[in-house]
Structures are given as C-alpha cells and as structure tokens.
Amino acid sequence: SDVCSSDLYLIFWSGYVLTETLFIFLFTLAIWSLIKLRNLGTYPGAIISGGLLGLATLTRASIFGLVAFFAVWLIWPKPRQKVTSKRWPVFIVFIISYFFLLNIWGVYNLMAFKAYAFLPTEVGSVLYRGNNPISSLNVEVHGIDWSKLPIVKEKLQSMDGIQRNQYLRSL
C-alpha cells in the first residue's frame, strides 16, 4: 500500500487502465492458466490460456517470443513422467487459440489500413528502440535520434505505420 500511495501514476491516473497494469494482469493470468493447463490438460483450459496469452501479446508485443517457450513447456513431460500423446491435442488447441486471437487484430488492420499485420503496428519501433544499442544509447528526450538510423528521417516519417513497422523489424 505504501508503493500505491506514493506512486504518482497511481495517484493522478487512477481512473485509467494503463497498458503496463493491464499487461501484468493478463500475463499473470496467462501464466497461472498455463500452470493449470499443464497439470489438468483440458481443452477449455487450452483455449483460455491461449486467449489470455494472446491478449497479453497484443498489449505488449515483446513477449511474442515467449510463446515458443511456453509451447515447448506444455509438451515437455514432468519429471518421472512418460511422454503421452494426450499432450499434443491440448498443445494444438493452445496454439490455434493464441494465433486466432492475434489474427482478429490482423483482420482489423486489414480492414482499417488495407494491410495485414497480426501484431500491433508499432512493435517494430518498440523492438528496435528497446534492443538496438545504437538507438538505446542515443535517444533524444522526445524519441529516436534519427541521425543514427540507416534511413533518412523524411523517408521513415513518410511511411505509414505498417511499412515503418516492417522496416524497423528488418533491422
């Protein structure tokens, strides 16, 4: 309670659902449901786990790579347990429900922007700024230091969100 009472974000913006809070909530629920899914192995659990992880991915796309880890973890047998073929259908339902939820966002992007992108359109920029040492060392107060990018500022700004996302993911 001390942290909540002294955190300015929680004081001044307490009426808003911040993406960080929503992501932590969804990701925690997804991990909890994945643990339950691994123990029980039910199809509704696989659908719920895939859906929660998909919602968490749409909130913060940087966890997209963790899905492979979670998928392998679901298939991998527990210690002193034999590999059974019962895990594979649950795994497939989990993967289908996860990508089904992401594809809903892709269909929205297709209808709104006439281009299919199943992750949020700024994920390339976020991944570039968060993982590129040149960018992370030379960030201006209000954004990217454009002189460090291998493309001129005007060309990058003239791209729409999906083109900019594809370009920045390719770096």
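This passage covers aromatic pairs, a nonpolar surface patch and the setting of one threonine in a predicted model.

The structure contains 7 aromatic pairs. One of them joins Phe23 and Phe27. This pair is stacked, with ring centres 5.4 Å apart and an angle of 15 degrees between the planes. Planes under 30 degrees apart count as stacked, so the 15 degrees of Phe23 and Phe27 meets that cut-off. The two residues lie 4 residues apart in helix α3, which means that about one helical turn separates them. Phe23 and Phe27 are both buried. Tyr98 and Phe99 form an edge-to-face pair, at 5.0 Å centre to centre and 80 degrees between the planes. Tyr98 is buried, because its relative accessibility is 0%. Phe99 has a relative accessibility of 31% and therefore counts as partly exposed. Ring pairs also link Phe23 and Phe27 with Phe69 and Phe70 in a cluster.

A nonpolar patch lies on the surface. Ile92, Ile96, Phe100 and Ile104 make up this patch, which covers about 420 Å². Ile104 belongs to helix α6, which spans residues 87–113. Ile104 counts as partly exposed because its relative accessibility is 45%.

Thr19 is located in helix α3, which comprises residues 19–40. Its relative accessibility is 38%, so Thr19 counts as partly exposed. With residues up to four places away in sequence left out, Thr19 touches Thr59 and Arg60. Between Thr19 and Ala56, the C-alpha to C-alpha distance is 9.8 Å. In sequence, Thr19 and Ala56 are 37 residues apart.

Technical notes: Residues are numbered from 1 along each chain as its sequence is written. This is a predicted model: local features need pLDDT of at least 70, side-chain atom pairs count only at pLDDT 80 or more; totals for chains, interfaces and linings use all residues. Side-chain values use heavy atoms; hydrogens and water are left out. Buried means under 20% relative accessible area, exposed over 50%, partly exposed in between (1.4 Å probe, protein chains only). Contact means heavy atoms within 4.5 Å. Patches are made of residues with over 30% relative accessible area and no salt bridge: like charges are joined within 9 Å, nonpolar side chains (Val, Leu, Ile, Met, Phe, Trp, Tyr) within 5 Å. Accessible areas come from the Shrake-Rupley method with a 1.4 Å probe; for residues, only the protein chains shown count as cover. A salt bridge is a side-chain nitrogen of Lys or Arg within 4 Å of a carboxyl oxygen of Asp or Glu. Rings of Phe, Tyr and Trp (its six-membered ring) pair if their centres lie within 6.5 Å; planes under 30 degrees apart count as stacked, over 60 as edge-to-face and the rest as tilted.
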